[in-house]
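Visitor: Could you walk me through this one and show me how each label is earned?

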Amino acid sequence: MTSAHRKSYGVKGAPYAHPSPTTTLKRVRSAPYFFLLPATILFALFFALPIGYAVWLSLHKVQVKGLGLGAGARKEVWAGLENYTDSLTDSQLLDGAVRVLGYGAIVVPVMLGLALLFALMLDTDRVRLAPVTRLAIFLPYAVPGVVAAMLWGFLYLPDVSPFYFVLDKLGMPQPDLLDGGPLYIALSNIAVWGGTGFNMIVIYTALQSIPAEVYEAAKLDGATPLQIAIRIKIPMVAPSLVLTFFFSIIATLQVFSEPTTLKPLTNSVSTTWSPLMKVYQDAFGKGDIHSAAATAVIIAFVTLVLSFGFLRAANSRNKQEAAQ
């Protein structure tokens, strides 16, 4: 005789009944969306929403009636592309862009060149205390940009810098690094000092992934360490060099903390020295948040175009080399 408890196993909706294949398939298909949901929410709240709000602000302006006093004297109205036109024809923004280009022409090649050199040196068999050396080169990257700029700023001041004291005792000339052309070298030095370590780690990690058999084959063919570095290591870490160059370009276009921190120490750094400094000055100095939003959107668009164009050119070149 079959008990009631045993009969319940075959009944639909029983406690131990297996889900249908359709239900299981739906759960499997919906599982990735549940994992993506937290990241999607954070992306929307802290990235997409601010960008959308900035675009909305850039398309509006404040209309002032009379003396601007009283209720309703100031009203936000539609401006269209007026803010973008004013920003693109602003001489301060164009001058700041030129200064940033000169700054980037120094920072990017020097920083990536040193990062590649240090990575190649650490990848050799003769290097001693490699972990300590890697940490020493990477450590400046861990220092916040404002702190680094402040430290270097005091080293640039003739009255408190130990370097100027030594140069004075040796009877050597004491250049003013915070005035005129040397200012570009002073600012570039801060960026190179802080960013070389990060780029070195990226390139060094790529070097570590190269199979040892490649080096052994090159040594059997009589290749010297210099030839191995030039003909094998550098070409094989080319994707990492492209990545570091991409990051460096973005950081250069968005330079802000270094000139802002050095500004109280010298009159050579204006409030609109870089495009991002002009955005800050328009938004919080002049109170024109709509014009500042338009300038910020332009900077973001230029960064996107340059980054996309560079990556596309690099990918096209890689495909051509792979086809050959």
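Visitor: Why is Tyr-184 called partly exposed?

Guide: Tyr-184 has a relative accessibility of 24%. Buried means under 20% relative accessible area, exposed over 50%, and partly exposed lies in between (1.4 Å probe, protein chains only). So Tyr-184 gets the middle label. Keep in mind that this is a predicted model, where local features need pLDDT of at least 70 and side-chain atom pairs count only at pLDDT 80 or more, while totals for chains, interfaces and linings use all residues. Residues are numbered from 1 along each chain as its sequence is written, and side-chain values use heavy atoms, leaving out hydrogens and water.

Visitor: What makes Trp-273 buried?

Guide: A relative accessible area of 2%, so Trp-273 counts as buried.

Visitor: How many aromatic pairs are there?

Guide: The structure holds 13 of them. In one, Tyr-184 and Trp-273 sit 5.9 Å apart, centre to centre, with 50 degrees between the planes.

Visitor: Why is the pair of Tyr-184 and Trp-273 called tilted?

Guide: Rings of Phe, Tyr and Trp (its six-membered ring) pair if their centres lie within 6.5 Å; planes under 30 degrees apart count as stacked, over 60 as edge-to-face and the rest as tilted. At 50 degrees, the Tyr-184 and Trp-273 pair is therefore tilted. Tyr-184 lies in helix H8 and Trp-273 in the loop between helix H12 and helix H13, so the pair ties together parts that are 89 residues apart in sequence.

Visitor: What makes Tyr-280 and Phe-284 an aromatic pair?

Guide: Their ring centres are 5.0 Å apart and their planes meet at 45 degrees, so they pass as a tilted pair. Both lie in helix H13, four residues apart, about one turn of the helix. Helices here are DSSP runs (H or I) of at least four residues, strands (E) of at least two, numbered from the N terminus. Phe-284, at 64% relative accessibility, counts as exposed, whereas Tyr-280, at 46%, is partly exposed.

Visitor: How do you know that Lys-233 lies over the face of Tyr-215?

Guide: Lys-233 is 5.2 Å from the ring centre of Tyr-215. The rule asks for NZ of Lys or CZ of Arg within 6 Å of the ring centre and within 35 degrees of the ring normal, so the distance fits.

Visitor: On to charges. Why is the pair of Lys-61 and Glu-82 called a salt bridge?

Guide: Side chains of opposite charge can pair when their charged atoms come close. The rule is a side-chain nitrogen of Lys or Arg within 4 Å of a carboxyl oxygen of Asp or Glu. The closest N and O atoms of Lys-61 and Glu-82 are 3.0 Å apart, so the pair qualifies. Lys-61 is in strand E1 and Glu-82 in helix H3, 21 residues apart.

Visitor: Which residues are linked in a network of salt bridges?

Guide: Asp-90, Lys-278, Asp-282 and Lys-286. Asp-90 and Lys-278 come to 2.9 Å between their closest N and O atoms. Asp-90 lies in the loop between H3 and helix H4 and Lys-278 in helix H13, so the pair ties together parts that are 188 residues apart in sequence. Lys-278 also meets Asp-282, at 2.7 Å from N to O.

Visitor: Is Lys-278 buried or exposed?

Guide: Buried, because its relative accessible area is 3%. Asp-282 is buried too.
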